[in-house]
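Trainee: I am new to this structure and would like to know what stands behind the words used for it. May I ask you about them one at a time?

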Amino acid sequence: QINPHFLFNALNTLAAVIRRDPEAARQIVLHLSTFFRKSLKRPSNDATLKDELEHVDAYLQIELARFAGRLDVEMNIPEELLHYRLPTFTLQPIVENAIKHGVSQMIEPGKIAISAEKSDGTLSIRVEDSAGLYKPVPEGDGLGMNLVDRRIKIRYGANYGVRIACEPERRTCVTIALPIEEETVPC
C-alpha cells in the first residue's frame, strides 16, 4: 500500500521546486513515476535485490528533494548480490519507516545507510538511521515492518525475517535476513 502522506509530501515538494528549478522538478516527476511504476506493476511476488533497490532509490530521490540538504543517504551493496531474489516490497517499507519514524523527527540532518552482505547461505540487508528513535510497541512494530517480517517468516521459516537493534538517540538498525535465492535465467 502506498502511503498517501508520501504522495502529498512529494507533490508539495514538487510544487516548491517547480518555479526555482524546473530541471530538478522534472527529475522529481521522473522519480515519482518510477516509484509508482515499481509500486503498482510487479509481474510476480519476487524481485531481484537490484529491482528492490531501484524502487528504494526512486523513493529516496524524492525524499532527498523534500529534506533539501537535511538527509544523507549511503548505499553499500556489493554488485555480486544484486541478482539475489527476495519477496517484492521487502526493502522500501523498511526505508520508509527509517525516514518517517526516524530521520524526519530529527532537528539536525539525518542519515540513512543501506548495506547488504551474504554469509552462510543468508542474505542480510541492513537499513540504519541516525535517529535512534525506535521504541517497541506491544501490538507490533509498525504495519510495514510487521508485514515484511510475517511474509518472510511464512515463506522461509522462523530463522529469517526482520530484526531491530536500537541505540537510543544514536541509531536504529533494521536487518532483513533471507535465504540466498539466485535469479533463475529462463532457458
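Trainee: Which residue in β4 does E74 stand opposite?

Mentor: E74 stands opposite A113. Before we go on, this is a predicted model: local features need pLDDT of at least 70, side-chain atom pairs count only at pLDDT 80 or more, and totals for chains, interfaces and linings use all residues. Residues are numbered from 1 along each chain as its sequence is written, while side-chain values rest on heavy atoms, with hydrogens and water left out.

Trainee: What joins strand β2 to β4, and are they parallel or antiparallel?

Mentor: Six bridges join β2 (residues 71-76) to β4, and the two run parallel. Strands count as a pair if DSSP finds at least two bridges between them, so the six found here are enough.

Trainee: How many helices and strands does the protein have?

Mentor: There are five helices and seven strands. Both are DSSP runs numbered from the N terminus, with H or I over at least four residues for a helix and E over at least two for a strand. Along the sequence they follow the pattern α-α-β-α-β-β-α-β-β-α-β-β.

Trainee: How do β4 and β5 pair?

Mentor: They pair in the antiparallel sense over eight bridges. One bridge links I114 with V127 in β5. The two strands form a hairpin with two residues between them, and D120 in the turn has a positive phi of about 50 degrees.

Trainee: And what can you tell me about β6 and β7?

Mentor: β6 (residues 161-167) and β7 (residues 171-179) also pair in the antiparallel sense, over seven bridges. R163 has T175 in β7 as its bridge partner. Their hairpin has three residues between the strands, and E169 takes a positive phi near 65 degrees.

Trainee: Why is K118 called partly exposed?

Mentor: Its relative accessible area is 47%. Buried means under 20%, exposed means over 50%, and partly exposed lies in between, with a 1.4 Å probe and protein chains only. K118 therefore falls in the middle class. K118 lies in strand β4 (residues 110-119).

Trainee: Which residues is K118 in contact with, leaving aside its neighbours within four places in sequence?

Mentor: L81, Y84 and I180. Contact here means heavy atoms within 4.5 Å.

Trainee: What makes the pair of K118 and Y84 a polar contact?

Mentor: Their side chains come to 3.0 Å. A polar contact is a pair of N or O atoms within 3.5 Å; within protein, one must be able to donate a hydrogen and the other to accept it, and residues adjacent in sequence count only if both atoms are side-chain atoms. The 3.0 Å value therefore meets the distance limit.

Trainee: How do you know that E63 is buried?

Mentor: E63 has a relative accessible area of 4%, so it falls under the limit for buried. This residue of helix α3 touches F6, L71 and I99, not counting residues up to four places away in sequence.

Trainee: How many aromatic pairs does the structure hold?

Mentor: Five. Among them, F35 and F36 are 5.5 Å apart centre to centre, with 80 degrees between the planes.

Trainee: Why is that pair called edge-to-face?

Mentor: Rings of Phe, Tyr and Trp (its six-membered ring) pair if their centres lie within 6.5 Å; planes under 30 degrees apart are stacked, over 60 edge-to-face, and the rest tilted. The values for F35 and F36 therefore meet both the distance and the angle rule. The rings of Y156 and Y160, with centres 6.3 Å apart and planes at 70 degrees, are edge-to-face too. Y156 is buried at 17%, and Y160 is buried at 19%.

Trainee: Which residues have the most contacts inside the largest nonpolar core?

Mentor: L49, L91, I114 and I125, in a core of 41 residues. Such a core is a set of buried Ala, Val, Leu, Ile, Met, Phe, Trp, Tyr and Cys residues joined through side-chain atoms within 4.5 Å. Helix α3 gives the most to this core, with eight residues.

Trainee: Why does the radius of gyration agree with a compact globule?

Mentor: The protein has 17 Å, and a compact globule of 187 residues would have a value near 16 Å, so the two agree. The radius is taken over C-alpha atoms, and the rule is 2.2 Å times the number of residues to the power 0.38.
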